[in-house]
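User: Could you take a close look at the ligand site in this model and describe how the protein surrounds the ligand?

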Amino acid sequence: MKRLAYITGATSGIGHATAEKFAREGWNLVITGRRANRLSSIKEDLESQYGIRIHISEYDVRSPEACSEAVNKLPSEFKAIDLLVNNAGLARGLAPVQTGDVSDWEEMIDTNVKGLLYVTKAIAPLMIKRGEGQIINVCSTAGKEVYPMGNVYCATKHAVDALTKGMRLDLHTHGIRVGQVSPAHVEETEFAKVRFHGDEERSKIYDDFTPLSSPDVADAIYYMAQCPRHVNVQDILLMGTQQASSTQVDRSGRKYK
Ligand code: NDP
């Protein structure tokens with residue numbers, strides 16, 4: 001029987017690459033995001049390429065009602081979720097705390113922290129009922145270190161780091177594995193464009209070094225998922241070779257591709 005992954009924020013970047021990787025490996029999928037047209041075209045593309053089945057679910061993770069309704073309305077064959085990838089998230093703005101935009105802060109907190117909680121609260125009971133499952137949160141190196149002007153985004157990812165640990169304490173006796181991936185800079189995503197509110201010039205942050213790419217992170221997530229059930233990879237911290245910490249990046253040119 002095919003396994004089933006539920007991936008939030010699958011319309012672009014890491015979530016899309018993860019959907020593609022799992023589809024290639026023969027998993028059925030539930031993919032979510034707010035952009036319905038993208039969800040439909042990804043479904044069409046991956047179903048026809050890999051002979052798997054995909055259910056699409058368009059909603060905003062900031063709404064607790066929408067999160068639980070989306071899960072309640074899943075067709076029965078999409079309810080036996082083996083893996084939840086809590087990926088939907090974003091950075092908005094890069095500014096010191098004294099001049100930061102309050103609506104940017106709220107969007108990050110509501111999406112990265114509260115959205116992750118709402119989705120987890122909707123899906124964990126299904127896993128508990130089956131006595132198995134796995135949850136992988138997409139954290140960040142911003143959940144390990146704080147960088148200048150990253151204040152609120154880093155705080156949300158520190159919260160994800162704490163929630164991964166807390167959720168594991170709550171769920172391990174139910175046979176549920178909880179872990180996270182913590183990547184540094186990742187290209188082939190819309191992350192920078194979203195952070196800088198669509199400003200293409202400011203979004204060019206990968207021109208002078210080779211960061212990770214979204215398929216690199218998808219591979220790490222897949223590695224965690226394919227481990228035998230008695231093995232729980234708790235965290236994979238990964239950076240591109242030209243990056244040594246949040247603030248130390250060798251920007252002397254793209255050395256690897
Ligand atoms: P993208 O902007 O490419 O993808 C973000 C995804 O999240 C999109 O599919 C978007 O879908 C979804 N999303 C955002 N807000 C909401 C919302 N309110 N409701 C539902 N879905 C939402 O960026 P990434 O792929 O880079 O980001 C994925 C995750 O990776 C995030 O949690 C991010 O913090 C984390 N990360 C990214 C890094 C990077 O350098 N790129 C590094 C470390 C971690 P839609 O707009 O259709 O709703």
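Analyst:
**The ligand site**

Three helices, α1 (13-24), α5 (151-171) and α6 (191-195), each contribute at least two residues to the shell around the ligand. This is a predicted model, and the contacts described here should be read with that in mind. The shell holds 30 residues, counted as those with a heavy atom within 4 Å of the ligand, and among these Thr11, Ser12, Arg34, Tyr153 and Glu190 come nearest.

Polar contacts join the ligand to side chains and to the backbone. Tyr153, one of the nearest residues, places a polar side-chain atom 2.7 Å from an oxygen atom of the ligand, while Asp60 has a polar side-chain atom 2.8 Å from a ligand nitrogen atom. Val186 takes part through its backbone, where an N or O atom lies 2.9 Å from an oxygen atom of the ligand. Taken on its own, the ligand has 870 Å² of accessible area, and the protein covers 96% of this. The space that the ligand takes is the largest pocket.

Beyond the site itself, helix α4 can be checked by its length. Its 29 residues (102-130) should span 42 Å at 1.5 Å a residue, and because the C-alpha atoms at its ends are 41 Å apart, the expected and modelled spans agree. Helix α4 nevertheless has a kink of about 35 degrees, centred on Lys114, and just after α4 comes Gly131, which takes a positive phi of about 70 degrees.

How values were computed:
Residues numbered from 1 in each chain as written. Predicted model: local features only at pLDDT ≥ 70, side-chain atom pairs only at ≥ 80, totals over all residues. Heavy atoms only, no water. Helix = DSSP H or I, 4+ residues; strand = E, 2+ residues; numbered from the N terminus. Expected span 1.5 Å × (residues − 1). Bend = angle between axes of the 7 residues up to and from the residue. Polar contact = N/O pair within 3.5 Å; in protein donor to acceptor, adjacent residues only side chain to side chain. Areas by Shrake-Rupley, 256 points an atom, 1.4 Å probe, with all protein chains shown as cover. 1 Å grid on protein atoms, 1.4 Å probe; cavity = no way out; pocket = protein on both sides within 12 Å on 5 of 7 lines; lining within 4 Å. Sits in = over half its atoms within 2 Å of the grid points.
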